[in-house]
Each structure stands twice: as structure tokens, then as C-alpha cells.
Amino acid sequence: MKNRSFLFIIVLLSAVLLLSSCGDPIEARTDCKTKVGIVFDIGGKNDRSFNAAAWEGVQRAEKELNVCLYDVEPGNPTSIEPAMRAFAEKNFDLIIGVGFAQGPIMERVARDYPNIKFAIVDGVITDKDGKPFPNVASLVFREHEGSYLVGMIAAEKSKTGVLGFVGGMDIPLIHRFKTGYEEGARSINPNIKVVDNYVGVTDHAWNDPGKGKELALSQIEKGADVIFTAAGNSGLGAFDAVEKFGKGENGEARKFVIGVDSNQNMVKPGFVLTSMVKRVDNAVYNVVEEVRNNNFQGGFHVFGLDKDGVAYAVDENNRALIPEDVIKKVEDAKSKIVAGEIKVTDAMAK
Amino acid sequence: MGEIFTFALIFSTIRFATPLIFAALGGMFSERSGVINIALEGLMLAGAFTAAVVTYETSNPFLGFGSAIIAGGLLAAVFAVACIEFNADQVVAGFGINILMLGVPAIISAAVYDSAGSTQQIDKAYQLPSYFDISFASFLAFALVPICWYILFKTPYGLRLRATGENPAAADAAGVKVLRMRYSGVIISGLLAAAGGAYLSIGQSSLFTKGMTAGRGFIALAALILAKWKPVPVMLACLFFGFTEALVIPLSSYKLASGENIPVQFIQIIPYVLTIIVLAGFIGLSRAPKALGIPYIKEK
């Protein structure tokens, strides 16, 4: 009996080892000068949102700049650091971390490998005195500005005067979306009500579409007819929620959702009013290009409305949903924000 | 307060309770036969993943639901072999299944859809249908409660299963095939837990995302203990947990008189605090099947 159970464990273990060891070894390619490694957030590279945008950017870089690209989708937060260190040990030219959660990890790794260049999306890495590391580019976005514009569109569209906001994790970065959205909506209708909910307080919050849908349904129950999501995979639940209410007699959806990070207009065409696009793809592409052309600069790279770092998406899926005069108003507000005439509150500013 | 306790809260409670009822009823069969089933979480994930993939590929939610149940049964069989055939520690083996199911869907999903994080989204037309705004799966879950009660307390099979969990040696002496009963209990738990998982991915939402059960398997286990391993109390306990989860939503956007939100951390601990209070204070002694967790080794 003892022997049999031992055998059983051996078989199981070797199966696990076999499964975990598949995939290309990192050294496989030698035909390129620049090696880029990217470590995704827990949501994974196909979340049709934030990670997907980063993935698009590095893929474009791979094609157009002839760099070698390796990616890791960490299974849990503890496998982020080993992945980064593996890239660093292999002397990669650039290591990209996606998501604020990787900030503290990258800080440790970047300190240990001062000759390797790093970039972090949505994170800020500084030493004790608040000075940025010379080998780390912190790619940050002025999400509140983009959210302000989609808030305006939402308020123009809303018939009930109630808007919803479904956030992922309850953290300052996500509050930044919410405050911008609310301010934008108020600029159109000062009496508008914004109902906000967050999926959770742990990183499960990005991966619970069922809960995301429940939150959206409860907001609709309270009268919300446009819901802005900033919740990764959980946000897709809100898309299901608005779809449930179908389209009215005029052929237009009864409830709308606003996508985030990537252009999500095509996820449920007709139900997506617009998307607050964060051009993570451009930011990531640029940093790869800088590394390849040897003009990489560490420190903060801020992407706001001015550099089209954030934007609202209009395409064939939603053009009919937003009237011309609304677009005009929004464009007007956009130039005022860029010029500094409208100040949007940044929930993360201390 | 009127804006918190609404009609919608009832529907929300039912939706939250549905996967818990499936999983807890499943856990009941396993534990009544004497096998601790901490693997409910992993079994649910297996069901959720299989349902999402099969439904996406075939555009038939019932085929997806059925395949999920079969997948859950197969995975439970692996767990059963470890625990029953090889007398592995049931808690350790169960955790092994849970950890395995965090990884396996990701590997398959990465290979098939080039994304470890989630599968493709399923069109609304191909999700499990709803009647009167309640999912097909919810009706099934509630219908299973009396059926499980009948099987467990009114059939010879149920009597043998319970005997196996209470006193396997006596059951054995009476001619009950103890190991076979335990196999059946564990496999039924896999079938049911996977149905709960399938509801999550193709009923409540429209895709599988990594670790999407988010601890619901463990909540189901807590409900099972709270309900003292009895079907009708299991349903009530699951409704209770579903209710606390549903209650969190309106509370978290509830404005105090001062116009401030209640800090979300306080609200999100409500389900857990209530669980501790109820488990510790109100139910009295919860007596587990006597032979729970003890491998049965026949005397030679």
C-alpha cells in the first residue's frame, strides 16, 4: 500500500512538472538585438482592457521594431518577482511590468539590476527621497481627464439623471476614474447622481465578472442608465448586465455601459456608449522604441489628454449613439483641460 | 433604509446563493460518506471553465452545462482515488485539487485562446436561459434540495451513505461496500459543485476568468457546516450567505446622514463577521459525521 501511494505521488508530481515546463526557453531566439520581457497583471493579457492594451503595444513593437518579445502571465502575485528576475538574469534590454501592483516588486528588482532598463505601467517608482530611478520609466496616465470627458457624454445620454460606476479594487487609482467621471457629469447636469460600487479590496476584484454584473444590476435598480466600469475582467459583467435590458422601440439600447482602458466598443456593439481609452499601447510602444534607439529616459512619463494618452473612443460601433453637438461640447472641454482652463480633480494627488 | 431592502435584493440573493447551493449540496454527499471535501472550490472552477469553453465552441449552453458536470465528476474521481484508494490526507489532497484548478484552466486557455487570464466571451443568446428573471440553474439548484433530502434520508442508498460516514466498520459488517459508497459520495459532490461553477461562467456571467469562484467553494463548505450536513438547512444557510453578499452592494453606496460613504472595508467584512457570529454563537453544537476525515482501512 505504501509503495503504491508513493508511486501515485511520483506520477502526479511528474505530470505537474511536465505541464509547468512547457513553453519556449527564453534563449531560443538570437536573431534580434533588443530583448523585451513583459510581465502582465493578474488579469492576463486578454482581458480586453488594460492588459490587452499593453499586449497590443508590445506586439506592434515586435513587428515594427524587430525586437524579441517574451511575455509572462503570472498565475498569482508571488510569481511576478521570479519572472522579472528571470528576465533580468538573462540580460534583457527592457523589462515591462503591467499594473500598479508590480510597483514595489519592480523597485526591488530594478535596484538589484541597475544596468537593465525597466518600465512600469500605472506605477511610480522612486527612492526614499522621492527621486526616480534612472533605469525605470514610470508610465502614468491622467485617467481623471479622460474620465471627465466620458462623464460628460454619460450625463448627456442619461434620461434618469443617475449614473453608475463599477470600480474594481477600492484603491486611489480607481477613485481617480470615478472623481473625473463625476466631475464631467456634473459639468453637464449639476444635479446628477453617481452611484458607485467596488468589486472588492483584494486582487480577486479584477476577476469576478459575476459580482461585477450584480453591482451593475443594483445600480440599474437605483435608476442608473449609463454605467462606467474600471474593473478589468469584472467589468465585463456590467456589459452583460446592460445587455440584459435589451433595446427599446427606437432601436437604441435602454441601458449603456462605458468601457475602459482598451476600446471596448465592439464587446457588445450598441450597448457600449463609448470607452475611456488609456493608450497603454502607445506608451509601451514608445518606451520600447526608446530602448531600441538608445534614447531611453528614466523617470515619469505622464500621458494626459494633451498627448492623446487618454481619450474617448468613437468608432462605427457607437457613432450613432453620440450626437454631433455632444461631441462638439466634449471636444471643447478637452481643449480647455489641455489649456488648463478646466481643472479636473486628481484623486491621487496628495 | 428603505433604499437598501428592495425587491431587487431578493433576486440578487437568489443569484448569489445558486452556486453555493450546488456546491454545498455536493459537499454534503461527500462529507456524509466520510470524506472531507475542501476541493469544492477546485471542482467549481473545473465546471466553470469547462462550461465556458464548451458553450463557446458549440454555442449550446446545455451541452456546456452537461460537460461541466462530467468534468467535475472526473476531477472528483481523481480526488477520490487519492483519498479512498491511497488513503491520502483528505485536506491536503483537496487543497491539491484547488491549486491544480488555478493552473490547469490557465494552461489550456493560454494554449487555445492565447490568454491565460480568461476565455472568450459568450454571446447572450448562448448563455443559460432565464425564466422570470431567474436562471434555469437557480431553479435546478432549488429543485435539487428536496431531491437530495429524499435520496439521503428516504432511500437505501442514502442510509448506506450515512452509515459509511458514521461508522464504516459497522456498515462494512452489515454488508455495505464502504469504499464504493465513498467513491459515489465524492463523485456526486464533483457533479454538483461543477454545476455551481458552470452557473458562474455561463449563467451569471459570460466568460471564465482565472479563479472566478473567488472563495465561493469555501463559503459553501461553511454553509454545509452551519447547516449541520442537512439539505434544507443547507439551502437556508446558502441563502443567508447569498443575502449577506447581496446586502454589501446597496450598503457600499449608501450615504450616511453626513453625506459620507461608510468605509468600504467595514462593509465588505460583513459577510465574514456574520459567518463567525453565526458559526460561533447561534447554531449550537454542529456534529459532523463521526468518521469524517478518517480513511477506512479494512481489518485483515
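Which residue in β2(A) is the bridge partner of A:Ile38? Have a look at the structure while I get going. It's A:Asp71. Before I say more, remember that this is a predicted model, so everything I quote today is computed from it.

Okay, let's stay with that pair of strands. β1 of chain A covers residues 35–39, and β2 of chain A covers residues 68–72. They run parallel, and 5 bridges join them. How does the chain get from β1(A) to β2(A)? Through helix α2, residues 50–65 of chain A, and the β-α-β crossover that results is right-handed.

Now zoom out to chain A as a whole. You'll find 10 helices and 12 strands in it. Its radius of gyration is 22 Å, and the globule rule gives 20 Å for 350 residues, so chain A is as compact as a globular protein of that length. If you'd rather think in boxes, the C-alpha atoms fill one of roughly 65 × 60 × 40 Å along the principal axes. Of those 350 residues, 53% count as buried. And take the contacts in chain A between residues at least 6 apart in sequence: 71% of them join residues at least 24 apart.

On to domains. The assignment for chain A gives two pieces to each one: domain 1 is 28–141 plus 281–303, and domain 2 is 143–278 plus 318–339. Their C-alpha centres lie 29 Å apart. Where they touch, 13 residues of domain 1 are in contact with 14 residues of domain 2. Our crossover helix turns up again here: α2(A) gives the most to the domain 1 side of that contact, with 3 residues.

What about the two chains? Chain A puts 33 residues into the contact and chain B puts in 37. On the chain A side, α1 (2–21), β7 (193–200), α7 (209–221) and α8 (235–244) each supply at least two residues. Which of these gives the most to that side? That's α7(A), with 7 residues.

Next, the inside. In general, nonpolar side chains in soluble globular proteins tend to be buried together. Here the largest nonpolar core has 193 residues, and the ones with the most contacts inside it are B:Ala24, B:Ala194, B:Ala223 and B:Cys238. Helix α8 of chain B, residues 178–204, gives the most to this core, with 15 residues. Chain A is in there too: the core draws at least three residues from each of domain 1 and domain 2 of chain A.

Let's pick B:Ala24 from that list. Ignoring neighbours within four places in sequence, B:Ala24 is in contact with B:Ala220, B:Ala223, B:Leu224, B:Val234 and B:Cys238.

Last bit: two backbone oddities. Most residues other than glycine have a negative phi. A:Asp261 isn't a glycine, yet its phi is positive, about 70°. You'll find A:Asp261 in strand β9 of chain A, residues 256–261. Buried or exposed, then, for A:Asp261? Buried, because there are 30 C-beta neighbours inside 10 Å and the cut-off is 20 or more.

The other one is B:Ala214, with a positive phi near 45°. B:Ala214 sits in the loop between α8 and α9 (216–226) of chain B. With 21 C-beta neighbours inside 10 Å, B:Ala214 counts as buried as well.

That's my lot. Over to you.

Definitions and conventions:
Residues are numbered from 1 along each chain as its sequence is written. Chains are lettered from A and ligands numbered from 1 in the order in which they are written. This is a predicted model: local features need pLDDT of at least 70, side-chain atom pairs count only at pLDDT 80 or more; totals for chains, interfaces and linings use all residues. A nonpolar core is a set of buried Ala, Val, Leu, Ile, Met, Phe, Trp, Tyr and Cys residues joined through C-beta atoms within 7 Å. A residue is buried if 20 or more other C-beta atoms lie within 10 Å of its own, exposed if 12 or fewer, and partly exposed in between; C-beta atoms are placed from the backbone. Helices (H or I, at least four residues) and strands (E, at least two) are DSSP runs, numbered from the N terminus. Domain bounds come from an automatic or database domain assignment. Two residues are in contact if their C-beta atoms, placed from the backbone, lie within 7 Å. The radius of gyration is taken over C-alpha atoms; the globule rule is 2.2 Å times the number of residues to the power 0.38. Two strands pair if DSSP finds at least two bridges between them. A crossover is right-handed if, with the strands pointing away from the viewer, the path from the first strand over the helix to the second runs clockwise.
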